[in-house]
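Hi,

Here is the structure I promised to send over. Have a look at it first, and then read my notes below.

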Protein chains: 2
Amino acid sequence: MSDLLGRLRGRGWRMTAQRRVVAEVLDGEHVHLTADEVHARAVAKLPEISRATVYNTLGELVSLGEVLEVSTDKRAKRYDPNAHRPHHHLVCAQCGAIRDVHPTGNPLADLPDSERFGFTVSDVEMTYRGLCPNCSTA
Amino acid sequence: MSDLLGRLRGRGWRMTAQRRVVAEVLDGEHVHLTADEVHARAVAKLPEISRATVYNTLGELVSLGEVLEVSTDKRAKRYDPNAHRPHHHLVCAQCGAIRDVHPTGNPLADLPDSERFGFTVSDVEMTYRGLCPNCSTA
DNA sequence: GCTTGACTTAGACAAGGTCCATTGTAGGAT
DNA sequence: ATCCTACAATGGACCTTGTCTAAGTCAAGC
Ligand SMILES: [Mn+2]
Ligand SMILES: [Mn+2]
Ligand SMILES: [Zn+2]
Ligand SMILES: [Zn+2]
């Protein structure tokens, strides 16, 4: 994701220390942090960054399509930098661990016309649930 | 759902005006109300019912397996009385309308071992998104 | 009709998230 | 290099959703 900053600059995004830090925190695979987790990690790198700025920056990254909002639990939204490859999620029902997954098949084709109620269906979001290796041995 | 009350009484549930009203509000097909929507409709039938009682009653109905919690958006949880037939949801991205749907196929089988990361996968939840007839003509 | 433990209530509290007036600054203009 | 200003950051008030508690109420069994 190191060209994320370049891409953003190219779109006229004003570069600030705060935005750089938020983008850094979101770098990586299988990253699904809550806003407050992002804030905590950002504070470690830039102590004076505010909660409002983290929320603002996350919202902008989502609008720009660089980060996805994910709601695997009913608590806080999670922010996912893996926006370029469509994927679904596998969640541990006990500890909340989240992995990106890529099922085979075309779930859109599995929704018959009679089950579409006249909707124009454009997308489907799947959340697999189970126990992670750690939690299932316990 | 008229035998819901009977079933609950059979399980030793003390019957009160408040619980009866909440159960009545939740009767029907494609019903997915938030707690505060349930409260508003309950107040119309029983003006003195409190918010806390609605939350308590919904929580009990969920524990008893008579109502499901659904999180199709990132806002409030929704309560779904269609707990006896497994199903998924189709949501209008614009107005939020929700329909129950029954896709064909077995999505669990579509998750290869290599995409399970050692998890014991037991369940999958699908949310289809699109535009309802009303919103797509606009 | 009593009694009593379960139920209900109002309101305080908490977490997640938004909004706003003020202050600060990135980056183009000179 | 300095100035300007539109855009960004800040802290704190505020909102929404949901939980908790102490005190009052009542369904249901005797
Ligand atoms: Mn992801
Ligand atoms: Mn449903
Ligand atoms: Zn786990
Ligand atoms: Zn609609």
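A disulfide is a pair of cysteine sulfur atoms within 2.5 Å. Keep in mind that this is a predicted model. With that cut-off, a search of the whole structure turns up 0 disulfides over all chains.

So what do some of the cysteines in chain A do instead? Cys92(A), Cys95(A), Cys132(A) and Cys135(A) are the protein donors of the zinc ion (ligand 3), each through its SG atom, at 2.2 to 2.4 Å. Along the chain these donors follow the pattern C-x2-C-x36-C-x2-C. Cys92(A) sits in strand 4 (residues 88-92) of chain A and Cys135(A) in helix 5 (residues 133-137) of chain A, so this pair ties together parts that are 43 residues apart in sequence.

Why is the zinc arrangement called tetrahedral? The 4 donor atoms around the zinc ion (ligand 3) subtend angles of 103 to 113°, and four donors count as tetrahedral if all angles lie between 85 and 135 degrees. For comparison, the ideal angle for four tetrahedral donors is 109.5 degrees.

Are Cys92(A) and Cys135(A) buried or exposed? Both are buried. Cys135(A) has a relative accessible area of 13%, and buried means under 20%. Over in chain B, Cys92(B) is buried too, at 2%.

Now for the other metal. The manganese ion (ligand 2) is coordinated at 1.9 to 2.2 Å by His32(B), His87(B) and His89(B) through NE2, and by Asp80(B) and Asp100(B) through OD. The spacing of its donors is H-x47-D-x6-H-x1-H-x10-D. Of these, His87(B) and His89(B) are both buried.

Cheers

Notes. Residues numbered from 1 in each chain as written. Chains lettered and ligands numbered in written order. Predicted model: local features only at pLDDT ≥ 70, side-chain atom pairs only at ≥ 80, totals over all residues. Heavy atoms only, no water. Donors = N, O, S within 2.8 Å, 3.2 Å for Na, K, Ca; no water. Buried < 20%, exposed > 50% of the residue type's maximum accessible area, 1.4 Å probe, protein only. Tetrahedral: all angles 85-135°; square planar, octahedral: opposite > 155°, others 65-115°. Helix = DSSP H or I, 4+ residues; strand = E, 2+ residues; numbered from the N terminus.
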